[in-house]
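Please examine the model below, which is a predicted one. The explanation turns to its nonpolar cores and then to one of its sheets.

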Amino acid sequence: MKKVHNFNAGPCVLPEQAVNNAIEALKDFRGTGMPVISVSHRSKEWSAVMDECRALWRELLNIPDTHEVLFMGGGASLQFLCVPMNLLENKAGYLESGVWAKKALKEAKGIGNAYAVASSAESTYNYIPKGYEIPSDLDYFHITTNNTIYGTEIKEDMDCPVPLVADMSSDIMSRPVDVSKYGIIYGGAQKNVGPAGVAFAIVRKDILGKVSRHIPSMLDYRVFIDGGSMFNTPPVFPIYVMYETLKWLKGIGGVEAIHKINRKKADMLYAEIDRNSLFVGTAAKEDRSDMNVCFVMAPGHEALQDEFLEFAKGKGMVGVKGHRSVGGFRASIYNACPVESVQALIDCMQEFESLKK
Ligand SMILES: *Cc1c(COP(=O)(O)O)cnc(C)c1O
């Protein structure tokens, strides 16, 4: 197989061990003589996977008993709707720190009264808004902890006078999180915890059941809590790969261990961007994401953009092109992206610089 360095933003690189174990489970799932995608989701073998997967979530993130871990279809984008459906009665506030945040807000506006408490739209979301106050009469306050497209990240668990809801699609399990500070943490699996096709929601039970609207079953967190995320047929294969991905994470020492590696990878790459005369970072330094590193050609070198992309491609780099809405470059360096890949990209940038001198 061709050797590549995969910097895709999602779907993206997953741990080799998880992928290989998933392939084995496609051949013979736990001695059943059937592929994992052919067993009944009500079988004891599959129920065990659901239980073990939930247990891994609880253990890795130290999730307290006040919160339930749910697996749902529809990706993070359906969670944009589930959150207001389950929580919005009077008013919800959103931190508009990027396009995903804006999309989440749009869904809430379709359900009720929701607005942006603060926004960094005026500077293409290149920083995290600060210095705003969270009104205490909100039903909830919604943040996007990592802005995948713009490469900014909220790395601390904030204090919030109302239930805090966080889209952690692209930084879940990348660092320790104090789950007790959140009402809901949700995201699509396909950045740090698995393939596309399953979303996770970590829900504090006592904030549910307070809205007057009818909630369709498939959007109702209480239905998923009662049914153990098997109200209907769950996305079995994405959940299986997620389970293997979390097993891998536990095996290498869990969230604290991966956080150290993630910090190192991000520091290495940002240091090169700051050093290299051909490139500049686009995100405000204090808000730089550990997961998505965004940069462009330095002023005066803009014309080299396509040439660098071609050069990088020739060296085995995949997915370094920036999001179509912002251009430039983006290297997504999620949990499963090895340090060697980050080093290979740095080597590539240095080599390109010396060619152009
Ligand atoms: C990728 C992403 C989404 C969208 O996820 P889907 O599962 O495709 O709906 C939402 N929010 C953030 C922060 C993302 O990175």
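The paragraphs that follow begin with the interior and proceed to the strands.

In soluble globular proteins, nonpolar side chains tend to be buried together. In this predicted model, the largest nonpolar core comprises 54 residues. Within this core, the residues with the most contacts are Trp-46, Trp-57, Phe-141 and Met-173. Helix α6, spanning residues 236-251, supplies the largest share of the core, namely 9 residues.

Trp-57 merits a closer look. Neighbours within four places in sequence being left aside, Trp-57 is in contact with Asn-62, Ile-63, Val-69 and Phe-71, and also with Ile-172, Met-173, Val-193, Phe-200, Ile-202, Met-242 and Leu-246. Met-173, listed here as a contact of Trp-57, is itself among the residues with the most contacts inside the core. Apart from this core lies another, of 31 residues, which includes Ala-266, Phe-279, Ala-336 and Val-342.

The sheet may be considered next. An open sheet is formed by 3 strands in the order β11-β12-β14, with antiparallel pairing. Strands β11 (279-281) and β14 (329-332) stand at the edges; each has a single partner strand, so one side of each is left without a neighbour in the sheet. From one strand to the next, the twist averages 35°.

The pairing of β12 (residues 292-297) with β14 is antiparallel and extends over 4 bridges. Cys-294 has Arg-330, in β14, as its bridge partner. Helix α8, residues 305-314, packs on the sheet and touches β11, β12 and β14. The direction of helix α8 makes about 30° with that of β14.

Notes. Residues are numbered from 1 along each chain as its sequence is written. This is a predicted model: local features need pLDDT of at least 70, side-chain atom pairs count only at pLDDT 80 or more; totals for chains, interfaces and linings use all residues. Side-chain values use heavy atoms; hydrogens and water are left out. A nonpolar core is a set of buried Ala, Val, Leu, Ile, Met, Phe, Trp, Tyr and Cys residues joined through side-chain atoms within 4.5 Å. Buried means under 20% relative accessible area, exposed over 50%, partly exposed in between (1.4 Å probe, protein chains only). Helices (H or I, at least four residues) and strands (E, at least two) are DSSP runs, numbered from the N terminus. Contact means heavy atoms within 4.5 Å. Two strands pair if DSSP finds at least two bridges between them. Axes are lines fitted to C-alpha atoms, for helices over the stretch in contact, and angles run from 0 to 180 degrees between N-to-C directions.
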